[in-house]
Amino acid sequence: AKDRAALVKFQRKVARLQQAVMSVNATIDDANKQIAVIEKAALTAVGADKSLIEKVRQLKTQVSAIQRAMTGDRTLAKRNENQTPPVTDRLQYIIDGTWETTSEPTQSQQDAYKIATEQFTPALAQLKTLIETDIKSIEDQLEKLDAPWTPGRLPDWKME
């Protein structure tokens with residue numbers, strides 16, 4: 001590259017995005033597991049109404065939408081259908097083309113980075129809200145119903 005410092009700066013930006021993407025993908029997997037247990041607890045909780053179960057199912061739908069934005073639609077991929085490249089595909093394109101080279105990043109790689117960050121930013125915000133607010137709200141409702149324990153939910157226990 002004519003400007004080695006600019007190349008390293010770009011590679012570091014990509015590395016930070018990769019770290020964030022990997023974190024979000026792992027958090028999505030954890031959220032899916034947690035929501036599955038929450039759903040079972042909601043279904044078995046005495047006094048749980050349909051609205052609570054519907055909220056849990058909406059969470060599942062939201063997590064699926066975030067996951068599609070991050071990794072693509074698996075159903076479409078299995079049928080070899082066209083789809084907008086997800087964040088992970090764009091990121092992998094950049095990594096494959098820049099990691100083991102000393103050439104400056106191409107305009108396509110820079111554009112892919114910009115698009116990936118534009119796709120990633122709302123997905124991250126949605127996931128944060130889902131984890132920090134929505135799941136917490138449902139767990140609070142489950143605690144009030146004395147529902148079976150779910151991972152991450154500490155009991156509101158007092159000695160009797």
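Buried, in this talk, means under 20% relative accessible area. Phe-120 has 6% relative accessibility, so Phe-120 counts as buried. Keep that residue in mind. One caution before going on: this is a predicted model.

Let's stay with Phe-120. The residue lies in helix H5. What does Phe-120 touch, leaving aside neighbours within four places in sequence? The contacts are Leu-17, Ala-20, Val-21, Val-24, Met-70 and Val-87. Now a distance. Ile-28 is 92 residues away from Phe-120 along the chain. The C-alpha atoms of the two are separated by 13 Å.

Next, the helices. Two packed helices are described by the angle between their axes and the distance between the axes. I'll take H1 with three partners in turn.

Start with H5, the helix that holds Phe-120. H1 and H5 pack at about 30 degrees, and their axes are 10 Å apart. Angles under 35 degrees count as roughly parallel. H1 and H5 are therefore roughly parallel to each other. The crossing of H1 past H5 is left-handed. By class, this contact has 22 nonpolar residues, five polar and two charged.

Now H2. H1 covers residues 4-44, and H2 covers residues 50-71. Their axes come within 10 Å and cross at roughly 160 degrees. That makes H1 roughly antiparallel to H2. Here, too, H1 passes in a left-handed crossing. Which residues make the contact between H1 and H2? On the H1 side, Val-21, Val-24, Asn-25, Ile-28, Asp-29 and Ala-31 are among them. Further along H1, the list includes Ile-35, Ile-38 and Leu-43. On the H2 side, they include Leu-52, Ile-53, Val-56, Leu-59, Val-63, Ile-66 and Met-70. The residues of this contact divide into 15 nonpolar, four polar and four charged.

One H2 residue deserves a stop: Gln-67. Is Gln-67 buried or exposed? At 16% relative accessibility, Gln-67 counts as buried. Setting aside residues up to four places away in sequence, Gln-67 touches Ile-28, Asp-29, Asn-32, Gly-72 and Arg-74. Ile-28, Asp-29 and Asn-32 also appear in the H1 part of the contact with H2.

Third partner: H4, residues 87-98. The axes of H1 and H4 come within 11 Å and cross at roughly 145 degrees. H1 passes H4 in a left-handed crossing. From H1, the contact uses Phe-10, Gln-11, Val-14, Leu-17, Gln-18, Val-21 and Asn-25. From H4, it uses Val-87, Thr-88, Leu-91, Ile-94, Ile-95 and Thr-98. How many charged residues are in this contact of H1 with H4? There are no charged residues, with eight nonpolar and five polar.

On to aromatics. A search of the whole structure finds one aromatic pair. The pair is Phe-10 with Tyr-113, and the geometry is edge-to-face. The rings sit 6.0 Å apart centre to centre, with 65 degrees between the planes. Where do these residues sit along the chain? Phe-10 is in H1 and Tyr-113 is in H5, 103 residues apart, so the pair links distant parts of the chain. Phe-10 counts as buried, at 7% relative accessibility. Tyr-113 is buried as well, with a relative accessible area of 16%.

Another residue in H5 is Glu-139. Glu-139 has a relative accessible area of 7%, so this residue is buried. What touches Glu-139, not counting residues up to four places away in sequence? The answer is Gln-34, Ile-38, Thr-150, Pro-151, Gly-152 and Arg-153.

Last, two backbone points. Asn-80 has a phi near 60 degrees, a positive value in a residue other than glycine. Asn-80 lies in the loop between H3 and H4. Asn-80 is exposed, with a relative accessible area of 71%. The other is Asp-146, in the segment after H5. Its phi is positive too, at about 55 degrees, although Asp-146 is not a glycine. At 66% relative accessibility, Asp-146 counts as exposed.

Technical notes: Residues are numbered from 1 along each chain as its sequence is written. This is a predicted model: local features need pLDDT of at least 70, side-chain atom pairs count only at pLDDT 80 or more; totals for chains, interfaces and linings use all residues. Side-chain values use heavy atoms; hydrogens and water are left out. Axes are lines fitted to C-alpha atoms, for helices over the stretch in contact, and angles run from 0 to 180 degrees between N-to-C directions. Helices (H or I, at least four residues) and strands (E, at least two) are DSSP runs, numbered from the N terminus. Angles under 35 degrees count as roughly parallel, over 145 as roughly antiparallel, 65 to 115 as roughly perpendicular and the rest as oblique. A crossing is left-handed if the near helix is turned anticlockwise from the far one by less than a right angle, and right-handed if clockwise. Contact means heavy atoms within 4.5 Å. Ala, Val, Leu, Ile, Met, Phe, Trp, Tyr, Cys and Pro count as nonpolar, Asp, Glu, Lys and Arg as charged, and the others, Gly among them, as polar. Rings of Phe, Tyr and Trp (its six-membered ring) pair if their centres lie within 6.5 Å; planes under 30 degrees apart count as stacked, over 60 as edge-to-face and the rest as tilted. Buried means under 20% relative accessible area, exposed over 50%, partly exposed in between (1.4 Å probe, protein chains only).
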